[in-house]
Amino acid sequence: MSLPKATELPIGAVVTEPGSTRRYSTAGWRTLKPVIHDDRCVRCQLCWLYCPEGTIAEVRGVFKVGGKTYDVKYEIIYDHCKGCGICANECPTKAIEMVPEAP
Amino acid sequence: MQIQKTRKIEALTSNYAVAYAVKAADVDVIAVYPITPQTTIVEKLSEFVANGELNAELIHVESEHSALSAVVGASAAGARVFTATSSQGLELAHEVLHIASGMRLPIVMAVPTRAVSAPISIHNDYGDVMNARDVGWVIYIAASAQEVYDTVIQAYRLAERALLPVIVAYDGFLMSHTVEPVELNDEEEVRKFLPRTPRPYTLNPRRPVTMGPLASPDWYYEFKYQQVLALQEAYKIAKDVDAEYSRAFGRGYGVVEAYRMEDADYAIVTYGGAAYGNAKAAADLARERGIAAGVVRIRLYRPFPTADVLKAISGVKALAVLDRAIMFGGPAEGPLYRDVATAMYMSGLDKPAVNVIHGIGQRTMYVEDLYKIYTMLREGPRKEVVFMGVRI
């Protein structure tokens, strides 16, 4: 992704459109990103609970994983995840792996 | 050339000269908080507003931090604004200085300079404004009440064109409370000189924008670099504005003033009213006594007028940079000296240059003292900083 140059940005860091925070990525400083291995996830909800930024989404539906069927799964919202690794640390089944960000 | 039709000369202090210039500029919002020696500026402006001579919103705030914050808000909404402060007030407002320049708001603030605590001194030196030299504001340092008046008007033009806040500084008490004749411009002419041009973005419910947002590591650096470019551009704009002002009103100053520098062997480089007036007199005295002496006065301090300074001092055998502020712990204690030394080093200009500190806390500066600087320069290069007039 290429970001605008200094001379292309609005003067004085003005955000020129209303409602833009929905599209504002606050994850630019992440170096490691969490990846959920869904086959190891037991839906204990601890990652969802511990995430300090609320960047783990609980998705409803019917999910067949191995021989089991779940009505929920967890996904990382990468636009807002800062890569702190708390989720990976808390996960009791080591279903979350911290992977280096692509350069 | 368009010279004003009516010449009106008033006896004014530099503080009142500011107030008259602000009135002529037809500002919309003024934040007032008293601090010595600035107080009489906002007193006079309060009087103008109370008498209906100036149609402005006058906000009584509870501190200088609030004063600058109030004008940041008003300026963001598109108003032409003014405030003034000195010394500890400028220190208290320091946080907001960065916000005003980062948001690129064309605020004009007068700073009759004063020493900073501790110990408490209400007297004059440049310790306060020198602490605010690296925050992205344009800084003028004026040397007469007339120049203060003209510079405030120029400051609005520069601020609104460059989208940068501007400090107009001058000697506290020595200028802020002493009376000089000041030629006032016709106010209608000033308003023609300062047209209200629409800004790219202001707070407006019909066109909502966010000002002062968060910028994460992938954005912040670019906005700070924008400020670097803006200050570089302001150097050119300041020269243009001075030339336009000179054409409109018949008075111009340039960004650097050189006195008897054409054939000078020894120069004093300095700023401000007291140092400059005495330095000129000392140069005259030195010339009478056979030393080819000259003075370079920095009028535009930020952005630093590197090219003009280097040009002015290119022919001298040696120079002294006379500072009226102490910035502790650096390779030399004078802030202007560091600028001049850096400018010389970066351009490869190698001249013997000594840093002289003088007039701290309004320690009296005699013409004879400044004359001694020229004789000292003639004796040979000195490496150490000279703290002239201190008891050691």
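Here is a chat about the contact between chain A and chain B, and about one helix of chain B, in a predicted model.

Biologist: How many residues does each chain bring to the contact?
Modeller: Chain A puts in 19 residues and chain B puts in 21 residues.

Biologist: And what area do they bury between them?
Modeller: About 1800 Å², with 72% of it on carbon and sulfur atoms.

Biologist: Which three residues supply the most on the chain A side?
Modeller: That'd be A:Ala6, A:Ile11 and A:Tyr24, which supply 27% of the area chain A buries against chain B.

Biologist: OK, what kinds of residues make up that side of chain A?
Modeller: The side touching chain B has 12 nonpolar residues, six polar and one charged.

Biologist: How many salt bridges are there between the chains?
Modeller: Zero salt bridges between chain A and chain B. There are five residue pairs in polar contact across the interface, though.

Biologist: Switching topic: what's helix H2 of chain B like?
Modeller: H2 covers residues 39-50 of chain B, so 12 residues by the count. From first C-alpha to last, H2 reaches 16 Å, close to the 16 Å expected at 1.5 Å a residue.

Biologist: Which of the H2(B) residues are buried?
Modeller: B:Thr39, B:Thr40, B:Ile41, B:Val42, B:Lys44, B:Leu45 and B:Phe48.

Biologist: What covers them?
Modeller: Several elements of chain B, including helix H1 (14-24), strand S2 (29-32) and strand S7 (166-171). Strands S4 (81-84) and S5 (108-113) of chain B are among the cover too.

Biologist: And which residue with a positive phi follows the helix?
Modeller: B:Gly52 follows H2(B), with its phi near 75 degrees.

Methods:
Residues numbered from 1 in each chain as written. Chains lettered and ligands numbered in written order. Predicted model: local features only at pLDDT ≥ 70, side-chain atom pairs only at ≥ 80, totals over all residues. Heavy atoms only, no water. Contact = heavy atoms within 4.5 Å. Buried area = accessible area lost by both parts, 1.4 Å probe. Salt bridge = Lys/Arg side-chain N within 4 Å of Asp/Glu carboxyl O. Polar contact = N/O pair within 3.5 Å; in protein donor to acceptor, adjacent residues only side chain to side chain. Nonpolar A, V, L, I, M, F, W, Y, C, P; charged D, E, K, R; others polar. Helix = DSSP H or I, 4+ residues; strand = E, 2+ residues; numbered from the N terminus. Expected span 1.5 Å × (residues − 1). Buried < 20%, exposed > 50% of the residue type's maximum accessible area, 1.4 Å probe, protein only.
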